[in-house]
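I opened the notebook to work through one model. My plan was to start with the big divisions and then look up single residues.

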Amino acid sequence: MNITPPLDTSTKGFRIPETNIFIDPKEPVSCAIISHAHGDHAVEGHETVYCSEGTAALIKSRFKYAAKTINIISFGETFTIQNIPFSLHGAGHMLGSSQIKWVKDGITHVYTGDYKRELDKSCEPFEIVKCDVLITEVTFGKENKIHPPAEKSVAALSEYKDVNLMLGAYNLGKSQRLTRLINDIHPHLRVMIHPKMIAYHKIYESMGFDLGKWEPYKREQFKNEKGIIYLVPPPVLLNFRPGTHFLRAFATGWDEKHARFDFPFYVSDHADWPSLIKTILESEAKVVYTIHGIGEDLKTTPELKNVQVYTLSE
Ligand SMILES: [Zn+2]
């Protein structure tokens with residue numbers, strides 16, 4: 001097995017060796033494949049972009065000049081750039097999020113982008129893609145870091161009776177997922193959303209993902225009426241002073257980020273430790289490169305004794 005790094009790294013981001021094809025570049029380039037529309041994976045100003053339909057809609061909404069040409073690729077469809085066959089596959093992280101597969105020199109590579117294995121009705125599901133070399137995110141790659149099921153965290157919101165809730169959630173991805181979950185688990189509650197989330201909610205719905213009932217934030221009603229959950233971007237949550245008519249929490253998988261709010265609220269859109277192990281084993285990759293986090297524990301865990309794990313420097 002060839003173990004030269006499958007991607008070159010520079011300040012511009014990941015590039016497939018001997019090509020000018022970048023994956024999730026951090027700066028404008030001539031040819032970019034974009035895994036999903038979060039700001040640490042998608043920037044504006046590219047010449048040519050290849051991405052899923054959901055990602056295309058979101059980057060067009062986010063950026064004034066997303067790219068000169070955007071090629072929309074369906075999941076599973078093969079497309080060829082510079083004689084290399086590629087395909088995109090669901091990553092389950094948010095609307096349009098894609099794993100990127102390519103075959104070069106007879107070796108099948110998969111780049112996961114951000115992903116989760118949990119069912120999320122607000123986006124396309126994760127797909128297992130068999131490969132020789134897996135390049136996986138390890139945001140939560142710490143041994144035994146386990147995310148409680150998001151359904152359980154959302155169900156536990158019923159403990160806070162007779163008070164409204166203000167939940168910090170990223171505008172894109174997390175807030176749409178929470179809107180769907182709250183509708184499913186607490187259908188009697190009203191979901192209000194911050195104005196910055198509205199365009200994204202509408203794009204999700206236009207792509208066929210029903211988020212349930214939601215409404216734009218109404219200050220007086222949130223203050224004077226009960227049974228309301230208000231989703232806000234994290235900076236807004238930080239700026240709201242604690243009130244007597246509501247409690248605050250931040251939807252995140254990071255343990256240390258809950259302490260400054262009124263109660264912990266664990267919801268993560270990334271793979272936890274068991275999901276990382278499961279994904280590596282199910283991919284059947286014999287070589288794994290880790291990105292976006294600490295993958296050291298994966299190098300020594302007995303479950304991966306037959307897999308070579310390396311860190312891809314970024
Ligand atoms: Zn992301």
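The entries below go from the domains to one helix and then to three residues.

**Entry 1: the model.** I am working from a predicted model. I read everything below with that in mind.

**Entry 2: the domains.** I looked up the domain assignment first. Domain 1 covers 8-144 + 270-311. Domain 2 covers 150-266. I then took the centres over C-alpha atoms and found 28 Å between domain 1 and domain 2.

**Entry 3: the interface.** How many residues of domain 1 are in contact with domain 2? I found 20, and they meet 17 residues of domain 2. Interface size is often expressed as the accessible area lost when the parts come together. Here the area buried between domain 1 and domain 2 is about 1,500 Å². Carbon and sulfur atoms give 67% of that area. I also asked which three residues of domain 1 supply the most of what that domain buries against domain 2. They are Leu95, Lys121 and Ser122, with 31%.

**Entry 4: charges and polar pairs.** I searched the interface of domain 1 and domain 2 for salt bridges and got three. I noted a salt bridge between the side chains of Asp120 and Arg177, at 3.7 Å from N to O. Five residue pairs are in polar contact between domain 1 and domain 2. I sorted the side of domain 1 that touches domain 2 by class and got eight nonpolar, five polar and seven charged residues.

**Entry 5: Lys116.** I went to the loop between strand S10 (107-111) and S11, where Lys116 is found. Is Lys116 buried or exposed? Lys116 counts as buried because its relative accessible area is 2%, under the 20% cut-off. Next I checked what its side chain meets. The side chain of Lys116 makes a polar contact of 2.8 Å with the side chain of Asp120. A polar atom of the Lys116 side chain also lies 3.4 Å from the backbone oxygen of His93. I set aside neighbours within four places in sequence and listed the contacts of Lys116, among them Cys123, Phe126, Arg177 and His270. So Arg177 appears twice in my notes: in contact with Lys116, and in the salt bridge with Asp120.

**Entry 6: Phe209.** I found Phe209 in the loop between helix H4 (195-206) and strand S14 (215-216). Phe209 is buried, with a relative accessible area of 16%. Beyond four places in sequence, Phe209 is in contact with Leu95, Lys121, Ser122, Cys123, Glu124 and Tyr204. I recognised Leu95, Lys121 and Ser122 from the area entry. I also took one distance: Phe209 and Gln176 are 33 residues apart in sequence and 9.5 Å apart in space, C-alpha to C-alpha.

**Entry 7: helix H7.** Which residues of H7 (residues 273-283) are buried? I noted Trp273, Ser275, Leu276, Ile277, Thr279, Ile280 and Ser283. These buried residues pack against strand S11 (133-137), strand S18 (287-291) and helix H8 (296-300). After H7 comes Glu284, with a positive phi near 65 degrees.

**Entry 8: Thr136.** I followed H7 to strand S11, where Thr136 lies. Thr136 counts as buried because its relative accessibility is 0%. Leaving out neighbours within four places in sequence, I listed its contacts: Thr112, Tyr115, Leu276, Val288, Tyr289, Thr290 and Ile291. Leu276 is one of the buried residues of H7.

Key: Residues are numbered from 1 along each chain as its sequence is written. This is a predicted model: local features need pLDDT of at least 70, side-chain atom pairs count only at pLDDT 80 or more; totals for chains, interfaces and linings use all residues. Side-chain values use heavy atoms; hydrogens and water are left out. Domain bounds come from an automatic or database domain assignment. Contact means heavy atoms within 4.5 Å. Buried area is the accessible area (1.4 Å probe) that two parts lose on being put together, summed over both. A salt bridge is a side-chain nitrogen of Lys or Arg within 4 Å of a carboxyl oxygen of Asp or Glu. A polar contact is a pair of N or O atoms within 3.5 Å; within protein, one must be able to donate a hydrogen and the other to accept it, and residues adjacent in sequence count only if both atoms are side-chain atoms. Ala, Val, Leu, Ile, Met, Phe, Trp, Tyr, Cys and Pro count as nonpolar, Asp, Glu, Lys and Arg as charged, and the others, Gly among them, as polar. Buried means under 20% relative accessible area, exposed over 50%, partly exposed in between (1.4 Å probe, protein chains only). Helices (H or I, at least four residues) and strands (E, at least two) are DSSP runs, numbered from the N terminus.
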